[in-house]
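Reader: I'm at home at the bench but less so with protein models. Could you walk me through reading one?
Author: Gladly; let's look at it together.

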Amino acid sequence: MNITIVGTGYVGLVTGTTLAELGNSVYCVDIDEKKVEGMKNGIVPIYEPNLEEMFLRNIQSERLFFTTNLKEALDKSEVIYLALPTPPGEDGSADLSYVLKVANDIGEMMTEYKVVVNKSTVPVGTADRVRETISSKTDIPFDVVSNPEFLREGFAVEDSMNPSRVVVGASSDRAKDIMSKIYQPFTNTGIPIIFMDEKSSELTKYASNSFLAVKITFMNEIANYCEKVGADVDKVRLGMGSDDRIGHRFLFPGIGYGGSCFPKDVKALIKSGKQENFDFQILEATEKVNTSQKVILVSEIEKYFGGSLTGKKIAIWGLAFKANTDDIREASSLDNINLLLEKGAEIVAYDSIAENNVQKLLGDKIQYAKGMYDALEEADALLIATEWPEFKNPNFDLIAKKMKNKAIFDGRNMYPLEIPEQNGFYYKSIGRKTISK
């Protein structure tokens, strides 16, 4: 089948590459000429494990194409996926201007039946708005479908090729039949395709992400309470997670959630609720708790140094919001950096993947180290903000030699407590006892 993907951000590029891998001819459209030219030459504009290999394979097999010409791609395809940004506005509501602009263009350009698929995360009722926008420009028949993505950054290729389910919101039998054919390679292997109405499909994505944000935040609250009463959150989460009604995933405490999805989707669902005179009280609490959780270790660092961070050199390991991505959107590292700088600290950070993105944002406000141990030179303390695999088994003797003070503030609970204790470090993590030198 010929398919057009409008937007080559994270969702669009992974979706387009996956659909090409499934045997379709895929035309990816983006307005950024430089980016399109780079992709034509095999340059993947995002970091995602295992994506480049699949990306190059499908370019070479002539199943994956890139263009800035929407009309050209539209004329070749029966199905058009909208994978456009829906950033939060100042009030938290999702900005649909990109989606509706392209819908307007499709209405003006289409010459035959199309299925327009909303892949972007959008508020309930967006399919209706897209339908109305296209209808205002054409009398040619078309259908609008909601098909939310459930990709985890860092595991997007795995998730795209082996999804737990495919959710499709569609009212038209013709559209359902076309979507069934696209996802037949999945359903043939037992992966379910769940058909529902468009509004339910749109809400499924927001509800899923918001629930996971609540689960993470609940565990962070439990972790903070563990510290008050002397319990160990690692043991608590194992006991909880062994209940198959709860499960082990998303029970790891830390310095809050970030990224492109959870913060944006929680905000958008809160705002959507208010528009219907409904208060998502649990989500409002989740957002509030997460904001404070992200910088919960700064006060501990401050306390360690007797109340003042002026002139203190703080090394930071990890800048991405999570491991295996270069995404720094809503990253806890940035909240910590801003607050530490505000308190007079000097920052030296290391993240080989996300560094360039932070440098574009912060410039020379902080220093950037070439290696994880280079960041520790004469550092007064180390803050771990991202759970990159390379941080899991460090050389503690070398850490001790490099640092001025043997103090680690671990926002991702990377080490069993006995390891820093045996090596003579002050070690503060989340929801566990503090190890004093």
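Reader: Let me start with one strand: on the two sides of β9, which residues are buried?
Author: A general idea comes first: in a regular strand, side chains alternate between the two faces of the sheet. Keep in mind, too, that this is a predicted model. In β9, Lys313, Ala315 and Trp317 lie on one side and Ile314 and Ile316 on the other, and all of them are buried, so both faces are covered.

Reader: How many residues of strand β9 are buried, and what follows from that?
Author: Five of the five, across residues 313–317, so β9 is largely enclosed by the rest of the structure.

Reader: In what order do the strands of the open sheet run?
Author: The order is β11-β10-β9-β12-β13-β14, six strands with parallel pairing. At the edges stand β11 (367–368) and β14 (426–428); each has a single partner strand, so one side of each is left without a neighbour in the sheet.

Reader: How many bridges join β9 and β10?
Author: Five, in the parallel sense. As an example to find on screen, Trp317 stands opposite Tyr350 in β10.

Reader: And how does β10 pair with β11?
Author: Strand β10, residues 346–350, pairs with β11 in the parallel sense over two bridges. Look for Ala349, whose bridge partner in β11 is Tyr368.

Reader: What about β12 and β13: over how many bridges do they pair?
Author: Over three, again in the parallel sense, with β12 covering residues 381–384. Leu382 has Ile408 in β13 as its bridge partner.

Reader: Which way do the residues of β13 point?
Author: Strand β13 spans residues 407–410; Ala407 and Phe409 point one way, Ile408 and Asp410 the other way, and all are buried.

Reader: Let me try a single residue now. Is Glu300 buried or exposed?
Author: Compare its relative accessibility with the cut-off for buried, which is under 20%. Glu300 counts as buried because its value is 17%. Glu300 sits in helix α14, residues 296–304.

Reader: Beyond its neighbours within four places in sequence, what is Glu300 in contact with?
Author: With Phe409 and Lys428. You have already met Phe409, one of the buried residues of β13.

Reader: Where is Phe218, and how exposed is Phe218?
Author: Phe218 belongs to helix α10, residues 198–229. Its relative accessible area is 45%, and partly exposed covers the range between 20% and 50%, so Phe218 is partly exposed.

Reader: How far apart are Phe218 and Thr286 in sequence and in space?
Author: They are 68 residues apart in sequence, while their C-alpha atoms are 8.0 Å apart.

Reader: What share of the contacts links residues 24 or more positions apart?
Author: Counting contacts with a separation of 6 or more, the share is 71%.

Reader: Let's step back to the whole protein. How many helices and strands does the protein have?
Author: It has 18 helices and 14 strands. Buried residues make up 54% of its 437 residues.

Reader: What does the radius of gyration tell me?
Author: It is judged against the value for a compact globule: with 437 residues that would be near 22 Å, and the protein has 24 Å, which agrees. The C-alpha trace spans about 75 × 45 × 40 Å along its principal axes.

Reader: And what does the surface expose?
Author: About 19,400 Å², of which carbon and sulfur atoms supply 49%. As for charge, the protein has 51 positive and 63 negative charges, and their mean positions are 3 Å apart.

Terms used:
Residues are numbered from 1 along each chain as its sequence is written. This is a predicted model: local features need pLDDT of at least 70, side-chain atom pairs count only at pLDDT 80 or more; totals for chains, interfaces and linings use all residues. Side-chain values use heavy atoms; hydrogens and water are left out. Helices (H or I, at least four residues) and strands (E, at least two) are DSSP runs, numbered from the N terminus. The radius of gyration is taken over C-alpha atoms; the globule rule is 2.2 Å times the number of residues to the power 0.38. Buried means under 20% relative accessible area, exposed over 50%, partly exposed in between (1.4 Å probe, protein chains only). Contact means heavy atoms within 4.5 Å. Accessible areas come from the Shrake-Rupley method with a 1.4 Å probe; for residues, only the protein chains shown count as cover. Lys and Arg count as positive and Asp and Glu as negative; His and the chain ends are not counted. The place of a charge is taken as NZ of Lys, CZ of Arg, CG of Asp or CD of Glu. Two strands pair if DSSP finds at least two bridges between them.
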